[in-house]
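Visitor: Hey, I'm new to reading protein structures. Could you walk me through this one?

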Amino acid sequence: MKKFEKLSRAKYDKKAPKYDRTIDGHYCARFKRKLVETISVSDGEKVLDVGCGNGTLIGWISQKAKIQAFGVDISAKMIDECRVRHPHIDFNVSLADSLPFGDNEFDVITMCCVLHHLDEPQKFFPEVKRVLKPGGRLIISDPWYPPPFKQFAEYVVFPIHNAGDNKLFTRTQFKNFFTENGFSVLNTYYRGDVQTIIGLAPSAPGMYSERP
Ligand SMILES: C[S@@+](CC[C@H](N)C(=O)[O-])C[C@H]1O[C@@H](n2cnc3c(N)ncnc32)[C@H](O)[C@@H]1O
């Protein structure tokens with residue numbers, strides 16, 4: 001396991017029973033509320049929340065339609081919380097860049113306040129592309145700060161917080177993760193410190209090709 005993975009797992013295992021009452025539990029609540037307002041899901045769709053914490057977001061999404069809901073998180077204690085709170089949802093302990101699912105399984109994948117925890121975020125996108133169906137939606141929300149607040153967060157707040165927060169992304173870096181991995185950007189939402197992108201996985205080859 002890599003540096004920020006170890007730190008995240010240790011810290012969120014400790015926070016799990018009281019996560020909603022911790023500082024980052026409160027902080028991420030705003031991101032989740034915006035994400036759930038933004039997302040649209042339909043009956044029958046298969047939806048996965050990566051880095052699902054205690055399962056609140058996927059719980060809310062599963063109230064919007066009759067979806068098949070899944071969540072994964074690196075913290076086994078967070079997953080224990082998820083299973084108690086949402087017995088109808090399927091949860092697994094897993095790393096974001098090594099998902100325990102087959103190819104082309106999901107219609108929608110969400111990730112809220114997790115991207116900046118990853119040791120190698122560039123490895124997450126090909127993995128998501130693998131498990132998403134062609135044309136599936138990827139919705140990521142992550143904190144954004146302009147300089148010098150970004151640097152203050154990375155060099156002062158993150159080491160003090162010591163919860164596996166690695167690196168914040170500029171709007172360009174955030175968007176590039178999608179486009180460089182073949183996703184088309186359907187929508188971007190920037191509100192204060194909340195940045196959210198909805199991307200579409202590449203369609204099956206020839207799916208929309210014009211007839212000769
Ligand atoms: C700030 S919390 C956000 C939790 C939840 N998404 C929310 O919005 O409340 C970050 C979560 O990401 C998980 N996490 C961190 N690194 C991860 C990784 N590499 N793979 C999977 N989960 C990870 C942590 O265990 C924690 O539950």
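Guide: Sure, here comes a short chat about the sheet, some helices, the ligand and a few odd spots. This is a predicted model, where local features need pLDDT of at least 70, side-chain atom pairs count only at pLDDT 80 or more, and totals for chains, interfaces and linings use all residues. Residues are numbered from 1 along each chain as its sequence is written.

Visitor: Cool. In what order do the strands of the sheet go?

Guide: The order is E3-E2-E1-E4-E5-E7-E6, so to speak the roll call of an open sheet of 7 strands with mixed pairing. Strands here are DSSP runs (E, at least two residues), helices are runs of H or I with at least four, and both are numbered from the N terminus. Two strands pair if DSSP finds at least two bridges between them.

Visitor: And which strands stand at the edges?

Guide: Strand E3 (90-93) and strand E6 (184-191) do; each has a single partner strand, so one side of each is left without a neighbour in the sheet. On average, neighbouring strands of this sheet are turned by 15° against each other, direction ignored.

Visitor: How many bridges join E5 to E7?

Guide: 7 bridges, and E5 and strand E7 (residues 194-200) run antiparallel. Ile 140 has Ile 197 of E7 as its bridge partner, and Leu 138 has Gly 199 of E7.

Visitor: What about E6 and E7?

Guide: E6 and E7 also pair in the antiparallel sense, over 7 bridges. Asn 187 stands opposite Ile 198 in E7. The hairpin of E6 and E7 has 2 residues between the strands, and Gly 192 there takes a positive phi near 60°.

Visitor: Is E7 largely enclosed or open?

Guide: Largely enclosed by the rest of the structure, because 5 of its 7 residues are buried. A residue is buried if 20 or more other C-beta atoms lie within 10 Å of its own, exposed if 12 or fewer, and partly exposed in between, with C-beta atoms placed from the backbone.

Visitor: OK, helices now. Which residues of H5 are buried?

Guide: In helix H5 (residues 121-131), they are Pro 121, Phe 124, Phe 125, Val 128, Lys 129 and Val 131. Seen down the axis of H5, these buried residues fall within an arc of 165°, so they line one face of the helix. That arc is taken over the directions from the helix axis to the C-beta atoms.

Visitor: What's on the face turned away from the buried side?

Guide: That face of H5 carries the exposed residues Gln 122 and Pro 126.

Visitor: And what do the buried ones pack against?

Guide: The buried residues of H5 pack against strand E4 (106-112), strand E5 (132-143) and helix H7 (171-179). Two residues are in contact if their C-beta atoms, placed from the backbone, lie within 7 Å.

Visitor: Switching topic: which residues come nearest to the ligand?

Guide: Of the 24 residues around the ligand, Ser 8, Tyr 12, Gly 51, Gly 53 and Ala 96 come nearest. A residue is near a molecule if its C-beta atom, placed from the backbone, lies within 6 Å of it.

Visitor: Which helix gives the most to that shell?

Guide: H2, with 4 residues. Helix H1 (3-15), helix H2 (23-38) and helix H3 (56-61) each supply at least two.

Visitor: How do the shell residues divide?

Guide: Into 13 nonpolar, 7 polar and 4 charged. Ala, Val, Leu, Ile, Met, Phe, Trp, Tyr, Cys and Pro count as nonpolar, Asp, Glu, Lys and Arg as charged, and the others, Gly among them, as polar.

Visitor: Now the odd spots. Where is the cis peptide bond?

Guide: It joins Pro 147 and Pro 148, with omega about 5°. Pro 148 lies in the loop between E5 and helix H6 (149-161). Most peptide bonds are trans, and most residues other than glycine have a negative phi.

Visitor: What is phi for Asn 104 and for Cys 113?

Guide: Phi of Asn 104 is near 55°, and phi of Cys 113 is near 60°; both are positive values in residues other than glycine. Asn 104 lies in the loop between E3 and E4, while Cys 113 is found in the loop between E4 and H5.

Visitor: Is Cys 113 buried or exposed?

Guide: Cys 113 is buried, with 23 other C-beta atoms within 10 Å. Asn 104 has 14, so Asn 104 is partly exposed.

Definitions and conventions. Axes are lines fitted to C-alpha atoms, for helices over the stretch in contact, and angles run from 0 to 180 degrees between N-to-C directions.
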